[in-house]
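Open the model in your viewer and keep the sequence panel beside it. The stops below go from the whole chain to single side chains.

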Amino acid sequence: MKHWLAFPWALEPLRQAIDQRLLLAEPVARAKWNRQAPIEDLPREALVIAAAVKQGSALGLPTQRVEAVFRAQIEASKTVQRELYQRWTAQHAGRFDDAPDLATDIRPELDRITTELLAALAANQAILLDANRRDEVAQGLRTLDATALSAAAAQQALAPLINFQ
């Protein structure tokens, strides 16, 4: 009971937002695969980060922190997508009938998650910045469902939060 009460529950919305965002990497990959689109889209990534920085600054979040967190989320998503592309290439996979549309299905969901992630970052700045609570932060964020997609991507997504400076 003591362990349960000591758990950093305030980090749960942050963990959920990161997990939800990373779990979207698979539908994103299916949509890109169907269009034979490249995984990396640097202009789009720059727009996503700029929008997150703008939204985050309104919440009092430092630009550098928001950039680091969202760059990590994007890189983690690309890791999942690359792993899936490799698997599908080896399997000679065809088109996916259930692939969502990036513009109408995925991006609105990513925008919603971005808002939630930024709010959770703002709400947890004190714990994230406290060097004495790094173990607590790692404990609160470590269990991502997306780890089943890619353990490497899950580590990428969490790295700037666990090592928040």
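How far apart are the mean positions of the positive and negative charges of the protein chain? To check, select the charged side chains: there are 19 positive and 20 negative charges, and their mean positions are 3 Å apart. Keep in mind throughout that this is a predicted model.

**Whole chain**

Switch to a cartoon view. The protein chain has nine helices and zero strands, so the order of elements along the sequence reads α-α-α-α-α-α-α-α-α. Turn the C-alpha trace along its principal axes and the spans are about 50 × 35 × 20 Å. The radius of gyration is 16 Å, which agrees with the value near 15 Å for a compact globule of 165 residues.

Now show the surface. About 9,000 Å² of the protein chain is exposed, and carbon and sulfur atoms supply 54% of that area. Of the 165 residues, 45% count as buried. For contacts between residues at least 6 apart in sequence, 88% join residues at least 24 apart.

**Aromatic side chains**

Next, select the aromatic rings. The structure holds four aromatic pairs. Start with W33 and Y85, an edge-to-face pair with 5.2 Å centre to centre and 80° between the planes. W33 sits in helix α3 (residues 25-35) and Y85 in helix α5 (residues 63-91), so this pair ties together parts that are 52 residues apart in sequence. Both W33 and Y85 are buried.

Keep W33 selected and add W88. Here the ring centres are 5.4 Å apart and the planes stand at 70°, so this pair is edge-to-face as well. Because W33 belongs to helix α3 and W88 to helix α5, the pair ties together parts 55 residues apart in sequence. W88 is buried, as is W33.

Finally, add F96 to the selection. Ring pairs link W33, Y85, W88 and F96 into a cluster.

**The loop before the last helix listed here**

Move to S150, in the loop between α8 (134-141) and α9 (151-162). Is S150 buried or exposed? Its relative accessibility is 4%, and because buried means under 20%, S150 counts as buried.

Which residues does S150 touch, leaving out those up to four places away in sequence? Select T79, V80 and E83: these are the residues that S150 touches. As a last step, take the distance between the C-alpha atoms of S150 and S77, which is 9.5 Å, although the two residues are 73 residues apart along the chain.

Key. Residues are numbered from 1 along each chain as its sequence is written. Side-chain values use heavy atoms; hydrogens and water are left out. Helices (H or I, at least four residues) and strands (E, at least two) are DSSP runs, numbered from the N terminus. Buried means under 20% relative accessible area, exposed over 50%, partly exposed in between (1.4 Å probe, protein chains only). Contact means heavy atoms within 4.5 Å. The radius of gyration is taken over C-alpha atoms; the globule rule is 2.2 Å times the number of residues to the power 0.38. Accessible areas come from the Shrake-Rupley method with a 1.4 Å probe; for residues, only the protein chains shown count as cover. Lys and Arg count as positive and Asp and Glu as negative; His and the chain ends are not counted. The place of a charge is taken as NZ of Lys, CZ of Arg, CG of Asp or CD of Glu. Rings of Phe, Tyr and Trp (its six-membered ring) pair if their centres lie within 6.5 Å; planes under 30 degrees apart count as stacked, over 60 as edge-to-face and the rest as tilted.
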